[in-house]
Amino acid sequence: MPMPALEELERLCQQCRRCSLYKNRKNLVFGSGNKDAVLMFIGEGPGKDEDERGLPFVGRSGRLLDKILEAVEIKREDVYIANIVKCRPPGNRNPKEEEKEACIPFLRKQVALIRPRILVCLGSVAAQAIIDKNYRITVDHGKWVERKGFFLTATYHPSALLRVPARKKEAWEEFKNIKKKLEEISQAN
Ligand code: URA
């Protein structure tokens, strides 16, 4: 498939019937943010609020993400946010293998078009799909790998931080490191 522009890719994604998740969705949640972002966050899939609004991370976990970004002085409008699957899995279950496989080509094309330098996976579903299929978020979170010109890392999903607030301290350090990496890259350019 030749490389479509981001808007064209979204249009193709709207029409996607590669898995059955489209049947129950209210809205596609393609992704949002700066199309020239250096930093891109990747979540798991839309929840109820995201499905209703067609935007990623606008519910409870999105509000926590906003707070963390604000604390480390990263503007949400400067970053791009997308998910592994772009239609809400019913009842917020984890996306199934075939759903992730069906959807991930869209994410790969998004990344190819936006060309961020830093990819941050939020939670294990994204980390296992992007960094390593055996990624263990409780063990590996915060580590950095460099691959094909991208700096990759993963941190706890904000919903995990809401469930286990004791993890916030580590996540906070990781977001500070993300900010540092962003500054290093900006200074080098
Ligand atoms: N959780 C996710 O993984 N993605 C969203 O967009 C919202 C909640």
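Analyst: In this predicted model, a residue is called exposed if its relative accessible area is over 50%, buried if the figure is under 20%, and partly exposed in between.

User: Why is Glu73 called exposed?

Analyst: Glu73 has a relative accessible area of 63%. The cut-off for exposed is over 50%, so Glu73 is exposed. This residue is placed in the loop between H3 and strand E3 (80–83). Its phi is near 60 degrees, a positive value in a residue other than glycine.

User: What makes Phe57 buried?

Analyst: The relative accessibility of Phe57 is 5%. Buried means under 20%, and Phe57 therefore counts as buried. Like Glu73, which has a positive phi, Phe57 has a positive phi, of about 50 degrees, although it is not a glycine. Phe57 belongs to the loop between helix H2 (48–53) and helix H3 (60–71).

User: Which residues surround the ligand?

Analyst: The ligand is surrounded by Gly43, Glu44, Gly45, Glu50, Pro56, Phe57, Ser61, Asn83 and His157.

User: How do you know that Glu44, Phe57 and His157 make polar contacts with the ligand?

Analyst: A polar contact needs a pair of N or O atoms within 3.5 Å. A backbone N or O atom of Glu44 is 2.7 Å from an oxygen atom of the ligand. For Phe57, a backbone N or O atom lies 3.0 Å from a ligand oxygen. His157 uses a polar side-chain atom, 2.9 Å from an oxygen atom of the ligand. Each of these distances falls within the limit, so each pair is a polar contact. On its own the ligand has 230 Å² of accessible area, and the protein covers 93% of it.

User: Why is His141 called buried, and where is it found?

Analyst: The value for His141 is 11% relative accessibility. This lies under the 20% limit, so His141 counts as buried. His141 is found in the loop between helix H6 (137–140) and strand E5 (144–147). Leaving aside neighbours within four places in sequence, His141 is in contact with several residues, including Tyr135, Tyr156, Glu170 and Glu174.

User: Is Trp172 buried, exposed or partly exposed, and what makes it so?

Analyst: Trp172 has 34% relative accessibility. That value is neither under 20% nor over 50%, so Trp172 counts as partly exposed. Trp172 is placed in helix H8 (residues 168–188). Beyond its neighbours within four places in sequence, Trp172 is in contact with Ala71 and Val72. Trp172 and Thr155 are 17 residues apart in sequence, with 9.5 Å between their C-alpha atoms.

User: How many disulfides are there, and how do you know that Cys19 is in no disulfide?

Analyst: The count is 0 disulfides. For Cys19, the nearest cysteine sulfur is that of Cys87, 6.4 Å away. A disulfide needs two cysteine sulfur atoms within 2.5 Å, so Cys19 is in no disulfide.

User: Why does Cys121 form no bond with Cys103?

Analyst: The sulfur of Cys103 is the closest cysteine sulfur to that of Cys121, yet the two are 15 Å apart, too far for a bond. Cys121 counts as buried, because its relative accessibility is 0%.

User: What is the size of the largest nonpolar core, and which helix gives the most to it?

Analyst: The largest nonpolar core has 54 residues, and those with the most contacts inside it are Leu39, Met40, Phe41, Leu107 and Phe175. Helix H4 (residues 97–114) gives the most to this core, with 6 residues. With neighbours within four places in sequence left aside, the contacts of Met40 include Tyr80, Leu107, Val111, Ile114 and Leu119.

Note on methods:
Residues are numbered from 1 along each chain as its sequence is written. This is a predicted model: local features need pLDDT of at least 70, side-chain atom pairs count only at pLDDT 80 or more; totals for chains, interfaces and linings use all residues. Side-chain values use heavy atoms; hydrogens and water are left out. A nonpolar core is a set of buried Ala, Val, Leu, Ile, Met, Phe, Trp, Tyr and Cys residues joined through side-chain atoms within 4.5 Å. Buried means under 20% relative accessible area, exposed over 50%, partly exposed in between (1.4 Å probe, protein chains only). Helices (H or I, at least four residues) and strands (E, at least two) are DSSP runs, numbered from the N terminus. Contact means heavy atoms within 4.5 Å. A residue is near a molecule or strand if one of its heavy atoms lies within 4 Å of it. A polar contact is a pair of N or O atoms within 3.5 Å; within protein, one must be able to donate a hydrogen and the other to accept it, and residues adjacent in sequence count only if both atoms are side-chain atoms. Accessible areas come from the Shrake-Rupley method with a 1.4 Å probe; for residues, only the protein chains shown count as cover.
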